[in-house]
Amino acid sequence: MNNVKMFLVRYAEIGTKGKNRYVFEDILCRRIRARLKPLGEFKVFRDFGRIYIEALSDYDYDDAVGKVTKIFGIVGLCPVTVAEEMTYESVRDAVYDHFEQTFGGSESGFDFSFKVHTRRINKEFPMNSMEIDMEIGHDLLVKYESQGLHVDVHKPDIMVEVEIRGEKGYVYSKIIPGPGGLPVGTNGKAMSLLSGGIDSPVATYMIGKRGVEMEAVYYNSPPYTAQRALEKVEKLGTIVSQYTGPIKLYVVNFTEIQLCIYDNCPHDQLTIIMKRIMFQIAERLAEKDECQAIVTGESIGQVSSQTMQSLGVIDAAVQCPVYRPVIGMDKQEIVEYSQKIGTFETSIEPYEDCCTIFVDKHPVTKPKMKQIEKSEQHLVGKIEELIDKAVETAEIKILK
């Protein structure tokens, strides 16, 4: 397949955007160009509801396909064979070439069923769509029937797509699946609380899939958390960035804040108060970079700080929206999602994050806002400076 010079990019949801569709298509084209730039010279262009990628130099097929099929907005990538002339013979020969390139090297040869489906956008082509279907189907059988090729118009193994557009014909039959969604950059920006667990990378991926540019914040607590814990988070963010594009990661030193909470607040409320301050720091960083929301990987009832009462108290610490895309998923569903996007094996590496260090044996599960606010009064005059310091000294890493 290394001799493929053209790809058709298939999208789904973008097609519902009406008069604004071109905006989404342009952003998707930019994302594709940026992803392919290190791999060679490519031309990415739009043509009447289609996006094409044309290779203008040698490139690594597997590498290019692997990168493009991780771009949000793409539901499928189709290797295309091009007919350069607007004659039936040119289109037929392109179909022959496509079959040889796509199936000629397989062990089963051409022992499968097929159907031809033509879209004749260029109405000046001398044959209509049905005539092209019939003639191409006939010629394919003449050439390959002895090798097992046969027709099935109801449930074919292979659908041979022929498109007559402008001055060229395009032939494709294979759809390499992409992640779907919307291109990153079409729906604002959000700040994700990225830990080393299973849930938050999935949540970051899911919001990114809706076209949201993702940033992230990680709370580091040396010496209570190891350097390997930070490296684990960076690795998780890098995996997710294959889909979202580069992620700006803020590494916040959280040790002094945690110790201040531990020394001044009831220990059964430590997690709730700690998370409220985490949200406040995330909100400060979000405002700084014009992010419109905070994203977390919390799921109702999974742990004590994720009960309905706990989540309500935590959310009250900030004014910006908090999005929890995995809120209704159980652990197994989240695990399966993490396996699908490639973060699971890294997430289960045994390095603790700051949330697991200062946890009471019997944490409160139904906190009352008045009780939490009363406990936080013990932090007044102590915590404000620490929060300012944490925000100002946050280290920035670009994950890509």
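Biologist: Is the crossing of α3 and α4 left-handed or right-handed?

Modeller: In this predicted model, helix α3 spans residues 88-103 and helix α4 spans residues 129-144, and their axes come within 11 Å. The sense in which α3 and α4 cross is right-handed.

Biologist: Which term describes the orientation of α3 to α4?

Modeller: The axes of α3 and α4 cross at roughly 50°. Angles under 35 degrees would count as roughly parallel, and those of 65 to 115 as roughly perpendicular. The crossing of α3 with α4 fits neither class and is therefore oblique.

Biologist: How do the residues of the contact of α3 with α4 divide into nonpolar, polar and charged?

Modeller: From α3, the contact draws on Tyr88, Val91, Arg92, Val95, Tyr96, Phe99 and Glu100. These meet Glu135, Ile136, Asp139, Leu140, Lys143 and Tyr144 of α4. The division is eight nonpolar, no polar and five charged.

Biologist: How many aromatic pairs are there, and is the pair of phenylalanine 72 and tyrosine 205 stacked or edge-to-face?

Modeller: The count comes to 18 aromatic pairs. In the pair of phenylalanine 72 and tyrosine 205, the ring centres are 5.1 Å apart and the planes stand at 75°. Planes over 60 degrees apart fall in one class, so this pair is edge-to-face.

Biologist: How many residues apart are phenylalanine 72 and tyrosine 205?

Modeller: Phenylalanine 72 lies in the loop between α2 (61-68) and β4 (76-83), whereas tyrosine 205 belongs to helix α5 (residues 199-208). Both phenylalanine 72 and tyrosine 205 are buried. The pair links distant parts of the chain, and the separation is 133 residues.

Biologist: Which class of ring pair do phenylalanine 103 and phenylalanine 112 form?

Modeller: Phenylalanine 103 and phenylalanine 112 are each buried. Ring pairs also join them with Tyr96, Phe99, Phe110 and Tyr144 in a cluster. The centres of the two phenylalanine rings are 4.9 Å apart with planes at 55°, so the pair is tilted.

Biologist: Which term describes the orientation of α7 and α13 to each other?

Modeller: Helix α7 (residues 255-264) packs with helix α13 (residues 383-392) at an axis distance of 9 Å and an angle of about 160°. An angle over 145 degrees sets the class, and α7 and α13 are therefore roughly antiparallel.

Biologist: In which sense does α7 pass α13?

Modeller: Glu256, Ile257 and Cys260 of α7 meet Ile383, Leu386, Ile387, Lys389 and Ala390 of α13. The residues of this contact divide into six nonpolar, no polar and two charged. The crossing of α7 with α13 is left-handed.

Key
Residues are numbered from 1 along each chain as its sequence is written. This is a predicted model: local features need pLDDT of at least 70, side-chain atom pairs count only at pLDDT 80 or more; totals for chains, interfaces and linings use all residues. Side-chain values use heavy atoms; hydrogens and water are left out. Axes are lines fitted to C-alpha atoms, for helices over the stretch in contact, and angles run from 0 to 180 degrees between N-to-C directions. Helices (H or I, at least four residues) and strands (E, at least two) are DSSP runs, numbered from the N terminus. A crossing is left-handed if the near helix is turned anticlockwise from the far one by less than a right angle, and right-handed if clockwise. Contact means heavy atoms within 4.5 Å. Ala, Val, Leu, Ile, Met, Phe, Trp, Tyr, Cys and Pro count as nonpolar, Asp, Glu, Lys and Arg as charged, and the others, Gly among them, as polar. Rings of Phe, Tyr and Trp (its six-membered ring) pair if their centres lie within 6.5 Å; planes under 30 degrees apart count as stacked, over 60 as edge-to-face and the rest as tilted. Buried means under 20% relative accessible area, exposed over 50%, partly exposed in between (1.4 Å probe, protein chains only).
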